[in-house]
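Visitor: I am in my first year, and I would like a close look at a single part of this molecule, with the surroundings explained step by step.

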Amino acid sequence: MRTIRRPLSGTSLTAVRNLGILAHVDAGKTTITERILFATGAIHKRGEVHDGTTVTDFDAQERDRGITIFAAAVSCAWSEHRVNLIDTPGHVDFSDEVERSLRVLDGAVAVFDAVAGVEPQSESVWRQADRHGVPRIAFVNKLDRAGADLDTAVASIRERLGVVPLVVQLPVGREDGFTGVVDLLEMRALLWRAGGETYETGPVPEELREEAQRRRRLLEETVAELHADALEEFCAASALTGPTLARALRELTLRGDGVVVLCGSAYRNRGIEPLLDAVLAYLPSPADMPPVRGESGGAEQERAPDPAAPFAALAFKVTATPTGRLTYVRVYAGTLRKGESVLDAATGRTERVGRILRVQADRHEEREEAVAGDIVAVIGLKAARAGTTLCAPGAPLVLEPPSVAEPVVSVAVEARRSSDTGRLASALARLVEEDPSLVVRSDGETGQTVLSGMGELHLEVAVEKIRRGQGVEVVVGRPQVSYRETVVRGVTGLVYRHVKQDGGAGQFAHVVIDVEPLEEAAGAAGFEFRSSVVGGRVPQEFARAVEAGCRDALAEGPLGGYPVTGLRVTLTDGATHSKDSSELAFRAAGRFALREALRASTVELLEPVVEVTVTVPDDGVGAVLGDLAARRGRVSGSTSGSGTAVVTAAVPLAELFGYASRLRGRTQGRGTFTARPAALAPVPASVAAVVLSR
């Protein structure tokens, strides 16, 4: 049986699902998205990643590289529900795309490889979803592969992610013989025919009946331990009814106390329909979400997900297309109509919405309006960026924007032909507008234009986008790591007196500051400012100006001009002048005082360190370990099984440039590796001397 999409009009909030597909690269996210679109009737021919024919990997670079680079939004209908879905990247270099998507999603499907289980980036995106409080269900994919094992994958979910997996299906067949699943709630079998376009339901196969009953009992016991109402019924009847179990599973999912686990093979078209049913059954609708919180006039304000409420939306993605500049928005409250004006709450600027589009990857469907719960693209906004709050002009509200990661790798870029310099500058400005995790700056010493991003691949994609999109030939320098400086031992009682008199009103600011390292637990923010001034010697507005000046000084450290992080500044005393003191004067005092304090402190160089997971044949482990040691790597673990070893190590990012080709050479092309950001770590003195001498 196959349910075909039906056009929905006037869909209520409870019949909408906004979800993302999250996973490690190559776990099957895009294939699952493609199969969902096919199963719902949104498309009538299945595309394949290896053929470059999927709906969501529409960019030329995605098709060439065979991976998802840009988050793509699609929409479909299933069982009288509207499903808005975002296919997110799985490569670590594009984790910022995942971050922006998670900020506007209500739920997610986490995809795991049935052979590899929880992989490094699987864990990273899971933690990102944790930070945003996004409810998830899990789908163990690729059960048709050799070595696939649902129980092993579930065990890795339990151990690596620290969650309670609630397995609601049992595979029918193993590896090549995988043909369907047993639904443990309904105690029935779902068997797909060859090709996977249709499936049949029937009784549980005789050989699996006992195992299915055992797993159903285990599921009931686990749910009863976590859910009070289910426990009451279980104690009274020694079992749970299907409706009670389904209701408890949904509530546990929404609370984050358990993760419903399903399984299948997206490539073989098996397991997609039950996954869609689970999305509707267990993941929240916009109506289930709490009112969105924002700031208005300095006070916190809530706005309910009601189409009749004042309009509020968050822009989370901006792209330039041949049809115009698209701004992707999640509508949290109210109704947006074509031709209306909206307020950019941060800048106070009003802009007119020319068109509203429902997005299907690179195709668009015109809409007259968007209501609370919708994810749409709008045309006509010229200044909105990712993180911009759009709201009704008469009801301003500022929502929390998605966080932006600090770039870790930089390259110098210049146009091959001097006549293209202006076009390159315009293209770089457009790149930064579309991707906030890219940073463009001019090197003060060399005058070079420096492009910084999240990794080598991130920068390669950005440069190639300029070449293909703008036709500009770009010369790219060798990648450079984004180092940081930090305070090891600070200073106390540093006095700085800022006096400037050029005729007319002068400038006067007197500050006394302490500088100390931030404790590791508080170091995530990188900088902390406190004021312990008493008696009003430095008014609050001037103290804030001192903080702003200190933040200005963090841009360049005393060692090599690298940004400074991991310190606390305390304003302990100061003095003002009745006429010449101003916020400008105290900002300058804060900036110069901290610069002077940093020169007097003991400062060390930090470098980004990544956690590398290397998978190699057993006979290549020795060569890999030796190479990692030569790259200043610290091995943290090693496992072996079925002729393959997995080595985990912390390696400085600066030592990983070119590692992929080196690993292939040492393992005859059989070795692979993945990397994810771990932390900043002190640079050894000998290495720091080389870095600072450049």
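Is His510 buried or exposed, and why?

Guide: Please keep in mind throughout that what you see is a predicted model. His510 is buried, because its relative accessible area is 17%, and the cut-off for calling a residue buried is under 20%. To see what surrounds His510, begin with the strand that holds it, which is β32, covering residues 507-517. If we set aside the neighbours within four places in sequence, His510 is in contact with Val495, Tyr496 and Arg497, with Asp573, Gly574 and Ala575, and also with Phe586.

The next step is to place those contacts in the sheet. Strand β32 belongs to an open sheet of four strands, whose order is β31-β32-β35-β33 and whose pairing is mixed. The edge strands of this sheet are β31 (491-500) and β33 (527-531), each of which pairs on one side only, and from one strand to the next the twist averages 25°. In general, strands of a sheet pair through backbone hydrogen bonds, and they may do so either parallel or antiparallel. One pairing that you can follow here is that of β33 with β35 (residues 567-575), where the two strands run parallel and are joined by five bridges; within this pair, Glu528 has Arg568 in β35 as its bridge partner.

Two helices lie across the strands of this sheet. Helix α13, made of residues 583-600, lies across β31, β32 and β35, and its direction is at about 40° to β32, the strand in which His510 lies. Helix α12, made of residues 540-553, lies across β32, β33 and β35, and runs at about 155° to β33.

Further along the chain there is a pair of helices that you can compare with your picture of the sheet. Two packed helices are described by the angle between their axes and the distance between the axes. For helix α14 (residues 621-630) and helix α15 (residues 659-666), the axes come within 10 Å and cross at roughly 150°. The two helices α14 and α15 are therefore roughly antiparallel to each other, and their crossing is right-handed. On the α14 side the meeting residues are Ala623, Val624, Asp627 and Leu628, while α15 brings Tyr659, Arg662, Leu663 and Arg666. Sorted by class, this contact of α14 with α15 has five nonpolar and three charged residues, and no polar ones.

A hairpin offers a contrast to the buried setting of His510. Strand β37 (residues 634-641) has eight residues, and the number of them that are buried is zero, so β37 lies largely in the open. Strand β37 is joined by seven bridges to strand β38 (residues 644-652), and the two run antiparallel; one of the residues involved is Ser638, whose bridge partner in β38 is Val647. Between β37 and β38 there are two residues, and in this turn Ser642 has a positive phi of about 55°.

Positive phi values can also be found elsewhere in the chain. Ser79, which is a residue other than glycine, has a phi near 50°; Ser79 sits in the loop between β2 (72-78) and β3 (81-87), and with a relative accessible area of 39% it is partly exposed. Lys142, again not a glycine, has a positive phi of about 65°, and its place is in the loop between β5 (136-141) and α5 (150-161).

Terms used: Residues numbered from 1 in each chain as written. Predicted model: local features only at pLDDT ≥ 70, side-chain atom pairs only at ≥ 80, totals over all residues. Heavy atoms only, no water. Buried < 20%, exposed > 50% of the residue type's maximum accessible area, 1.4 Å probe, protein only. Contact = heavy atoms within 4.5 Å. Axes fitted to C-alpha atoms, helices over the stretch in contact; angles between N-to-C directions. Parallel < 35°, antiparallel > 145°, perpendicular 65-115°, else oblique. Left-handed = near helix turned anticlockwise from the far one by under 90°. Nonpolar A, V, L, I, M, F, W, Y, C, P; charged D, E, K, R; others polar. Pairing = 2+ DSSP bridges.
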